[in-house]
Amino acid sequence: MLKNTGFCDRYIIMKNWQKEYSKSIRNIDEIPSHLVDKDISSLKRVSEKYPFFSNRYYLNLVSNHPELKPVIIPDERELEDNTGLEDPLGEEIDSPVPGIVHRYPDRVLFLTHNICPIHCRYCTRKRILGKNVNFGKNTWDRGIKYIESHKEIFDVLISGGDPLLLNNSEILYLLEKLKNIEHVGLVRIGTRVPAAFPERINSELINTLKQFIPLYMNIHFVHPLEITEEVKTACLRLSGAGIILGAQIVLLKGINDNVETLKILLRELLKIGVKPYALFHPDNTRGTAHFRLSIDKGISIVHKLRGFISGMAVPNYMVDLYRGGGKVEICYNYIKSKDGDTYEIENYEGKHFEYR
Ligand SMILES: *Cc1c(COP(=O)(O)O)cnc(C)c1O
């Protein structure tokens, strides 16, 4: 287990997470000075366009581990990037009613609101960070109606913003409605909360969620330093309640784009009961060019993981195409040639074998 921050042992049992959340930091002047090595006025300009936001737990973690700085501290390069798209995945094109993205045949994305435990600087939905996007109960009800009237929808992925920052009665409302739709066989929650604001995972939340098992939860992580004792406790509480945990990781230049860091992250995730599900190539979101790397680099990193560490630890490497093209798995091509029904296949070490 990686070093404990020592900061929030006392918060993990805290009941009033809202109170702790309300102490989150939005003002650049309150960021510890060693994390702001550049001209503070330029960071203020960045945060006018893309607001800075972090709860105290995560800011403290970054303060102790400046390797995590690029995750939440604004960077003047965000304003220089005109290459990316505001809505790179074309979510607005595929939205039949507000808050629903229906792109694939049997599943929908259900966006609950746009509030998060931290503002990740590489966020795909950077366009709505901190903006007052109105996803109220009426919007949810329209989304639920849409799902009810589309019998082909098997899988509902609740995301946002972060659904675990809704209060328990709101979570109960959504899960009850969705789980009661007969054709919905799978409900999953996409969240960064267990990794970035573990004090939210208190007993009331666990009691709310465990009424709905089987329930799947994909937690967003980017770096092994995020796996603290508090995060471990939060994940073990969730899995102990019967919730099935996966991880979604974004491959990010300057944060985790090397084999060693990813290897540690993937193994540490398995150690806390979280199965790495997807490794996403960074989206082409405006203001995030400094995090991007080539697909070739991504392929070569995953190629150095597959076969070298537990298969359980290796996520699928996915690229989400522009304008609604959707997610595609990208991988190294191990088939080197084919002659009739005979293939020449390379193994993880680069040795070639014939397979008939
Ligand atoms: C990622 C995504 C999903 C879920 O895709 P899976 O491959 O099933 O994990 C569903 N809808 C949208 C719009 C998505 O972006």
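**Close-up views of the predicted model**

**View 1. Strands E10 and E11 pair in an antiparallel arrangement.** In this predicted model, strand E10 covers residues 335-339 and strand E11 covers residues 342-346, and four bridges join the two. Within this pairing, serine 337 has glutamate 344 of E11 opposite. The two strands make a hairpin with two residues between them. Glycine 340 is in the turn, where its phi is positive, at about 60 degrees.

**View 2. Strand E11 also pairs with strand E12.** E12 consists of residues 352-355, runs antiparallel to E11 and is joined to it by four bridges. Tyrosine 343 is placed opposite tyrosine 355 in E12. Five residues separate the strands in the hairpin of E11 and E12. Here glycine 350 has a positive phi, near 90 degrees.

**View 3. Strands E8 and E9 form a hairpin with four residues between them.** The strands, residues 316-321 for E8 and residues 326-329 for E9, are antiparallel and joined by four bridges. Leucine 321 has glycine 326 in E9 as its bridge partner. In the turn, arginine 323 takes a positive phi of about 50 degrees. For background, most residues other than glycine have a negative phi.

**View 4. Eight residues surround the ligand: Val101, Tyr104, Arg107, Leu109, Leu157, Arg188, Tyr277 and Lys327.** By class, this shell holds five nonpolar residues, three charged ones and no polar ones. The ligand occupies the space of the largest pocket. Strand E1 (100-104) and strand E2 (107-111) are the elements that each contribute two or more residues to the shell.

**View 5. Side chains of arginine 107, arginine 188 and lysine 327 approach ligand oxygen atoms.** In arginine 107, a side-chain N or O atom is 2.7 Å from an oxygen atom of the ligand. For arginine 188, the distance from a polar side-chain atom to a ligand oxygen atom is 2.7 Å. The corresponding distance for lysine 327, from an N or O atom of the side chain to an oxygen atom of the ligand, is 2.8 Å. On its own, the ligand has 380 Å² of accessible area, and the protein covers 87% of this.

**View 6. The peptide bond between glycine 160 and glycine 161 is cis.** Omega for this bond is about 20 degrees. Glycine 161 belongs to the loop that runs between strand E3 (155-159) and helix H7 (168-179). For background, most peptide bonds are trans.

**View 7. A cis peptide bond leads from isoleucine 213 to proline 214.** Its omega is near 0 degrees. Proline 214 lies in the loop between helix H9 (203-209) and strand E5 (215-221).

Notes. Residues are numbered from 1 along each chain as its sequence is written. This is a predicted model: local features need pLDDT of at least 70, side-chain atom pairs count only at pLDDT 80 or more; totals for chains, interfaces and linings use all residues. Side-chain values use heavy atoms; hydrogens and water are left out. A residue is near a molecule or strand if one of its heavy atoms lies within 4 Å of it. A polar contact is a pair of N or O atoms within 3.5 Å; within protein, one must be able to donate a hydrogen and the other to accept it, and residues adjacent in sequence count only if both atoms are side-chain atoms. Accessible areas come from the Shrake-Rupley method with a 1.4 Å probe; for residues, only the protein chains shown count as cover. On a 1 Å grid over the protein atoms alone, a cavity is a set of points where a 1.4 Å probe fits but cannot get out, and a pocket is an open set with protein on both sides within 12 Å along at least five of seven lines; lining residues have an atom within 4 Å of a point. A molecule sits in a cavity or pocket if more than half of its atoms lie within 2 Å of its grid points. Ala, Val, Leu, Ile, Met, Phe, Trp, Tyr, Cys and Pro count as nonpolar, Asp, Glu, Lys and Arg as charged, and the others, Gly among them, as polar. Two strands pair if DSSP finds at least two bridges between them.
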